[in-house]
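Q: I have this model open at my bench and would like a close look at one part of it. Could you pick a spot, go through it slowly, and then lead me on to other places worth a visit?

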Amino acid sequence: MLKPYKDLRGWIDLVDQLGELKRIHGADWNLEMGAIIELIGREGKYPPPAVLFDGIPGYPEGFKTIFGTTGSVQRMALTLGLSNVKSGTDLVKAYREKSMGLKSIPPKVVGTGPIFENIDSGKDVDLYKFPAPLMHEKDGGRYIGTNCLVVTRHPDEGWVNLGAYRIMVHGKDHTAFYISPGKHGRIHRDLYFERKEPCPVVVCAGHDPLLFLAAGNEVAYGLSEYDYAGGFKGEPIEVVKGKYTGLPIPAWAEIAFEGEAVWSDLKMEGPFGEWTGYYASGERQEPVIRVKYVYYRNNPILTCSKPSRPPSDYSFSKGIVKSALIWEELEKCGVPNVKGVWCHEVGGGRLFNVVSIKQSYPGHSRQAGFITSQTHAGGYLNRFVIVVDEDIDPSNLFDVVWAMSTRCDPAEDIDIMRKCWSGPLDPIIPKGKKGLNSRAVIDACRPYAWKDDFPAVAECSKELRDMTYNKWRDILGLV
Ligand SMILES: Cc1cc2nc3c(=O)[nH]c(=O)nc-3n(C[C@H](O)[C@H](O)[C@H](O)COP(=O)(O)O)c2cc1C
Ligand SMILES: [Mn+2]
């Protein structure tokens, strides 16, 4: 088991020791880094490495970016402090087990930290100091925030939220930020805007990948992702207070900036290539963050993720965390005998989710399916939920589609839920109708009423398989 790490730099050292770090010198921020990530992810060895870019043209040596932080089983295990995991399904189980007994630990405010090594304010604020990538050819601008933490505080209840919401640079001292309706940061921001108050905000753009996993996935409403991540780490996340907003900023972060957004201060945001595989949200007016302070470490590392036609450099980790969170929510809702959950990368971890159960009573499979489609973790922009029996591995698309093709009678076993939680990124919803979508719950379990009479599966029994294997193993040369 690898040692725990203190910050992104410690994490990078450990990933290097695992042999999962690729260093690339001299790639341009202008499309080249993004294209390299796509090539490595689609055409390179599996699993793809984390990629650390340095020597970026136009930037001082040492100003780096890193992509694909959480893109393998071993890197996820390191980040989450999990041991004895060899596969994605092991990760989901281990994540779930760890999170079940988890006590959240609030962050610890410290006086200073490496993030204050450099402080720019007033005229010195310049976001172009950092090599923010132009990721895809049709993007509307350079995105400094993808693998980022957007920190806001509920104006009445006081709790602090962290969400990964994309941030497009508009000028030296201002950015747009896009938060889909229903996200916690959006709920916070709307509360300030309804009262005609500015919304204080911090954006952290280089940090421990654990914070990214917490911010980029659906932690419960009202629970700070800082507390959640602290619970996973087993110790509080150290934070400093922003000089303008007072909001907590990870003390060991690489790059952060803070300022405020005002309801009437809008600029065009997008287009941006997204996790669905399309530039589906086009260009819209979105609120602007006016930046008052920029903080960064010497030789800062900008953390990046490139959403794109899946698989992307973060779709693996998205699917893992989401599967574990949905499983947990199903059990909290009282759905028994869940045997597995898998949010497939083909659906960007959201659109195509499978649950396997040991059917225990009539209606069990529909209950599992309907609830999955409306969980907090699985509710946003979901399209298909497929419920399968326990003999089907939910992570195996071949088996899942076989079960759909043979155990589901479409007229009886597909239910459509309408007017569900979607958003501007949904590619099949036309302009003007964005916001809502429908979803199919596909019951691909053997019908409960006659499941024991369902035709037997035509494959070798375990006994026949083992007997044959033992007799013929040398000749068959199976792996
Ligand atoms: C790399 C990455 C980029 C994301 N970009 C956005 C975004 O631009 N807007 C958005 O609303 N959600 C985005 N998300 C999804 C949210 O981060 C996710 O739904 C998270 O749960 C939001 O936090 P919240 O639950 O506290 O609202 C992104 C997630 C990841 C992993
Ligand atoms: Mn949240």
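A: Happy to! Let us start at Pro-47, which is found in the loop between helix 2 (32–43) and strand 2 (50–54). Please keep in mind that you are looking at a predicted model. The bond to examine in this loop is the peptide bond from Tyr-46 to Pro-47, which is cis, with omega near -5°.

A cis bond also turns up on the way into helix 8. In the loop between strand 16 (301–304) and helix 8 you will find Pro-311. The peptide bond leading to Pro-311 from Pro-310 is cis, and its omega is near 0°.

From there, follow the chain into helix 8, which covers residues 315–332 and packs with helix 4, residues 88–100. Packed helices in general are described by two values, the angle between their axes and the distance between those axes. For helix 4 and helix 8, the angle is about 50° and the axes are 9 Å apart. That angle is why the two helices count as oblique to each other. If you turn the view to look through the pair, the crossing of helix 4 and helix 8 is right-handed.

Now for the side that helix 4 brings to this contact: Gly-88, Leu-91, Val-92, Lys-93, Tyr-95, Arg-96, Ser-99 and Met-100. These residues meet a set in helix 8 that includes Phe-316, Ile-320, Val-321, Leu-325, Trp-327 and Glu-331. Sorted by class, the residues of the contact are 10 nonpolar, 3 polar and 4 charged.

Leaving helix 8 at its other end, you come to the loop between helix 8 and strand 17 (338–343), where Asn-337 is found. Asn-337 is not a glycine, yet its phi is positive, at about 55°.

A second helix pair is worth a visit too. Helix 1 (residues 8–17) and helix 3 (residues 73–80) have axes that come within 11 Å and cross at roughly 140°. Here, helix 1 passes helix 3 in a right-handed crossing. Trp-11, Leu-14 and Val-15 from helix 1 meet Arg-75, Leu-78 and Thr-79 from helix 3. This contact holds 4 nonpolar, 1 polar and 1 charged residues.

Let us finish at ligand 1, which is surrounded by 22 residues. The closest of them are Ala-164, Tyr-165, Arg-166, His-184 and Glu-218. Ala-164 takes part through its backbone, with an N or O atom 2.7 Å from an oxygen atom of ligand 1. Side chains take part as well: an N or O atom of the Asn-161 side chain is 2.9 Å from a ligand 1 oxygen atom. For the side chain of Glu-225, the distance from an N or O atom to an oxygen atom of ligand 1 is 3.0 Å.

Notes:
Residues numbered from 1 in each chain as written. Chains lettered and ligands numbered in written order. Predicted model: local features only at pLDDT ≥ 70, side-chain atom pairs only at ≥ 80, totals over all residues. Heavy atoms only, no water. Axes fitted to C-alpha atoms, helices over the stretch in contact; angles between N-to-C directions. Helix = DSSP H or I, 4+ residues; strand = E, 2+ residues; numbered from the N terminus. Parallel < 35°, antiparallel > 145°, perpendicular 65-115°, else oblique. Left-handed = near helix turned anticlockwise from the far one by under 90°. Contact = heavy atoms within 4.5 Å. Nonpolar A, V, L, I, M, F, W, Y, C, P; charged D, E, K, R; others polar. Near = heavy atom within 4 Å. Polar contact = N/O pair within 3.5 Å; in protein donor to acceptor, adjacent residues only side chain to side chain.
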